[in-house]
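Visitor: I would like to learn how to read a model of this kind, feature by feature. Could you take me through some of them, giving the idea and then the case?

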Amino acid sequence: ISEDPPKRCWLLNGCLPIGKVATLIAPGGTGKSQFMLQLGASVATGSPLAGGAWAIGEPGGVLILFAEDDLEEIHRRMHVISDELVKMAGAGILEKMKERLYVKSMVSESNLMTAAVNPGHRQVTLTDYPWRLIEVARQIPDLKLIIVDPAARFRGGEENSAEDMTRFVEALEIVSKQTGATVLVAHHTNKSSMKGEEPSQTSSRGSSAFTDGVRWQMNLATLTLKEAEKLGVSEEDRRLYLSAHVTKNNYGPPQPPVYLRRGERGYLRKADLARSAAKQGDELVLRVVAQIAKEPEPISATQFENRYGGLDNEFRIGKVKLRGVLNRAVAQGYLEKASSSGRPLRLTDKARTVISALGDRWPDSSIPTDSQGHRPERATNSSG
């Protein structure tokens, strides 16, 4: 206790530590294999992951074992990833990938790290696979990351058995401890998580002993309808976006969700949806202010909510959310705060200035009038 502890080393800065067992939980077909290939390429080269979504702490060697994707599919994806990295960092980055990144298809191979002791016996134990993996991994200089995908192809026993899943986690821990690398294993979500709105540690399929045993968990999923609405993503585009939530992090602070967009060739890149949502929110404030300005008679907040609240009305949001928009309009200086309930909403000079300046560029394209029913002067554009 009299000596300083060793400094923590990070694979992803402040997020994913080196030398631990971690898991990526996602439904089938979401893009977890693509994500892990990009992660491997970023760790190998030191390039930020997904266009800057995460910074790499310590770059180094990477070993990826895919038991579901064949060599041709891996080749296609790596070709896209290398093209994107070259665009960002130049052709020289390819040499780092060749030196540090090792990817192998394990389709049709026997990959079990744990298996039943003998036929008909329910208890599982370690096979020699973890030790063979360790011998291979030790040949990779400065190894930082080992990825195995998916868990179901690398573990024996019953998925719903806490004991069997704990033995599998122990096998992963042995590999991590003996190599010093982070071991990241992909795992599928359970059926109930597909119905939920909020990602959680309980989203993984099978026994909760798996999540309890690993030290870090990320949930990767397509945007839910609720998330899409909140972030201003249309139903048509919703499936192009993924949310990445770190739902368990034993060695770092809580992480805000990160949103990714899948490009035409499948490449995942950071999407700043929070900023887009804020921008959309500001536009909604202006639309509400415009409607208040157009009212032929003074109107109170309660009257406005009753008249325009509801999914079938002008702004397609409920009364509670509409009250929130009115409060934002007050906070942003477009409306004067009523001294008592029932008092009419009053536009500020700032609101009238903005209305006049926007001219034909008004968000809902209609021509607003002030609270007395008079149309303010409008700025004209070159098209008249």
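Visitor: Let us begin with a single residue: where is the place of L16?

Guide: Before anything else, please keep in mind that this is a predicted model. L16 has its place in strand β2, which covers residues 16-17.

Visitor: Is L16 buried or exposed?

Guide: The idea is to compare the relative accessible area with a cut-off, and buried means under 20%. L16 has a relative accessible area of 2%, and therefore counts as buried.

Visitor: Which residues does L16 touch, leaving aside those up to four places away in sequence?

Guide: With those left out, L16 touches W10, L11, A22, T182 and W216. A C-alpha distance adds to this picture, since L16 and G252 are 236 residues apart in sequence and 8.0 Å apart in space.

Visitor: How should I read two helices that pack together, for instance at what angle the axes of α2 and α3 cross?

Guide: In general, two packed helices are described by the angle between their axes and by the distance between those axes. Here the axes of helix α2 (residues 71-89) and helix α3 (residues 93-100) come within 9 Å and cross at roughly 140°. Angles over 145 degrees would count as roughly antiparallel, so α2 and α3 are described as oblique to each other.

Visitor: Which residues make the contact?

Guide: From α2 the contact is made by M78, S82, L85, V86 and A89, and from α3 by I93, L94 and M97. Sorted by class, this contact of α2 with α3 has 7 nonpolar residues, 1 polar residue and no charged residues.

Visitor: Turning to aromatic rings, how many aromatic pairs are there?

Guide: Rings pair if their centres lie within 6.5 Å, and by this rule the count comes to 6 aromatic pairs. One of them is formed by F168 and F210, with 6.3 Å centre to centre and 15° between the planes, and this pair is stacked because planes under 30 degrees apart count as such. The pair links distant parts of the chain, with F168 in helix α5 (residues 162-179) and F210 in helix α6 (residues 209-213), 42 residues apart.

Visitor: Why are F168 and F210 described as buried?

Guide: F168 is called buried because its relative accessible area is 0%, and F210 counts as buried because its relative accessibility is likewise 0%. A pair with another geometry is that of Y308 and F315, which is edge-to-face, with 5.9 Å centre to centre and 65° between the planes. Both Y308 and F315 are buried, and ring pairs link F304, Y308 and F315 into a cluster.

Visitor: Which residues does V169 touch, not counting residues up to four places away in sequence?

Guide: V169, which is found in helix α5, touches F210, G213 and V214 under that condition. V169 is buried, because its relative accessible area is 3%. The C-alpha atoms of V169 and V185, which are 16 residues apart along the chain, are separated by 9.8 Å.

Visitor: What sits over the ring of Y334?

Guide: The charged end of K350 sits over that ring, 4.7 Å from the ring centre of Y334.

Visitor: To finish with a charged residue, is R352 buried or partly exposed?

Guide: R352, which lies in helix α11 (residues 349-358), has a relative accessible area of 30% and is therefore partly exposed. From C-alpha to C-alpha, R352 and A293 are 8.5 Å apart in space, while in sequence they are 59 residues apart.

Terms used
Residues numbered from 1 in each chain as written. Predicted model: local features only at pLDDT ≥ 70, side-chain atom pairs only at ≥ 80, totals over all residues. Heavy atoms only, no water. Phe/Tyr/Trp six-rings, centres within 6.5 Å; stacked < 30°, edge-to-face > 60°. Helix = DSSP H or I, 4+ residues; strand = E, 2+ residues; numbered from the N terminus. Buried < 20%, exposed > 50% of the residue type's maximum accessible area, 1.4 Å probe, protein only. Lys NZ or Arg CZ within 6 Å of the ring centre and 35° of its normal. Axes fitted to C-alpha atoms, helices over the stretch in contact; angles between N-to-C directions. Parallel < 35°, antiparallel > 145°, perpendicular 65-115°, else oblique. Contact = heavy atoms within 4.5 Å. Nonpolar A, V, L, I, M, F, W, Y, C, P; charged D, E, K, R; others polar.
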